[in-house]
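Could you walk me through this model in my viewer, telling me what to select at each stop and what I will find there? A short tour is all I need.

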Amino acid sequence: MTTKLTALAVFLLCFMPASKIEHTQASLLNTKKTNHEEAKLLTHINHDTDISFSSLSADEDKKKIKPIKLSANTEKKEEEQSEKTNEKKETYSQSEKELLSRLVHAEAKGESYEGKVAVASVVLNRTDKKGFPDTIRGVIYQKNAFEPVANGSINQEPDKESIEAVEEAMSSKDRETEALFFYNPKTASDDWIRSRKIIEKIGRHVFAI
């Protein structure tokens, strides 16, 4: 049956005009070309569609991601850290260091290094406290504040340890003591100073607030 159909096709082609044959061949070529272009177009569309869906998916994922909210406690710690970082570091002049070293030398002669740092800390604590002068010189020369000022021993040259103790007190973040007063309980005769609350004892001195 197939042989007969093939023979019939050949027979018809033999009698078909040349223009008709060329038209048939052109139609077949156009059909192949169209099918090829459609396949290429479909591939391109699929590729673009994948990109679009991928892009949409990424955008949707971004919308789904919510920023992490810090706890109130964490935010407070960060604020405190920021304040500490921005906090202005207090500086002292050379004359202030020398004057305080002279006072420490006169008041804490024979005391331990720790005791000397504590005496310097008392002066610095007063500069920060309401009711006292806000400068080292003002605190030291406040009327009846320190005996070495009255008897003139503050004019003596300070020793090396007193100078180092003052430098530590001025540079340390945490002062040796929070006290505002100190005295030797064996020699102090003032009743008012003895009425102050004692918070610690270093060497022969007691420190009070």
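Select Glu 200 and Phe 207 to begin: Phe 207, in β3, is the bridge partner of Glu 200. Bear in mind as you look around that this is a predicted model. Now widen the selection to residues 198-202, strand β2, and residues 205-208, strand β3; the two pair in the antiparallel sense over four bridges. At another position along the pair, Ile 198 stands opposite Ala 208 in β3. The two strands make a hairpin with two residues between them. Click on Gly 203 in that turn, and you will find a positive phi of about 65 degrees.

**The sheet and the helix on it**

Add β1 and you have an open sheet of three strands, in the order β1-β3-β2 and with antiparallel pairing. Why is one side of β1 and of β2 left without a neighbour in the sheet? Both β1 (181-183) and β2 stand at the edges, and each has a single partner strand, so nothing in the sheet flanks the other side. From one strand to the next, the twist averages 25 degrees. Next, show α5, which packs on the sheet and touches β1, β2 and β3. The direction of α5 makes about 30 degrees with that of β3.

**Into the cores**

Phe 207 is worth a second click, since it also belongs to the largest nonpolar core, a group of 26 residues. Phe 207 is listed there among the residues with the most contacts inside the core, together with Leu 100, Val 123, Ile 136 and Ile 140. To see where the core comes from, colour α4 (94-107), α5 (113-127), α6 (136-140) and α8 (160-171), the elements that give two or more residues to it. The most comes from α5, with seven residues.

Centre the view on Ile 140. Leaving aside residues up to four places away in sequence, Ile 140 touches Leu 99, Leu 100, Leu 103, Val 123, Ala 145, Phe 146, Val 149 and Ile 154. Then select Phe 132, Leu 180, Ile 193 and Val 206, which are included in a second, separate core of seven residues.

**Charged pairs**

Time to switch on the charged side chains: the structure holds five salt bridges. One of them joins Glu 98 and Arg 102, at 3.1 Å from N to O. These two are four residues apart in helix α4, and therefore separated by about one helical turn. Which of them is buried and which is partly exposed? Glu 98 is partly exposed, with a relative accessible area of 38%, while Arg 102 is buried at 13%. Add Glu 157 to the selection, and you have a network of salt bridges linking Glu 98, Arg 102 and Glu 157.

Go back to the hairpin and pick Arg 204, which forms a salt bridge with Glu 111; the closest N and O atoms are 2.7 Å apart. This pair links distant parts of the chain, 93 residues apart: Glu 111 is in the loop between α4 and α5, and Arg 204 is in the loop between β2 and β3. Glu 111 is buried, with a relative accessible area of 8%, whereas Arg 204 is partly exposed at 46%.

For the last stop, select Glu 161 and Lys 116, whose side chains meet in a salt bridge of 3.3 Å, N to O. Glu 161 lies in helix α8 and Lys 116 in helix α5, so this pair ties together parts that are 45 residues apart in sequence. Glu 161 counts as partly exposed, at 33% relative accessibility, and Lys 116 as buried, at 3%.

Key:
Residues numbered from 1 in each chain as written. Predicted model: local features only at pLDDT ≥ 70, side-chain atom pairs only at ≥ 80, totals over all residues. Heavy atoms only, no water. Pairing = 2+ DSSP bridges. Core = buried A, V, L, I, M, F, W, Y, C linked by side-chain atoms within 4.5 Å. Buried < 20%, exposed > 50% of the residue type's maximum accessible area, 1.4 Å probe, protein only. Contact = heavy atoms within 4.5 Å. Axes fitted to C-alpha atoms, helices over the stretch in contact; angles between N-to-C directions. Salt bridge = Lys/Arg side-chain N within 4 Å of Asp/Glu carboxyl O.
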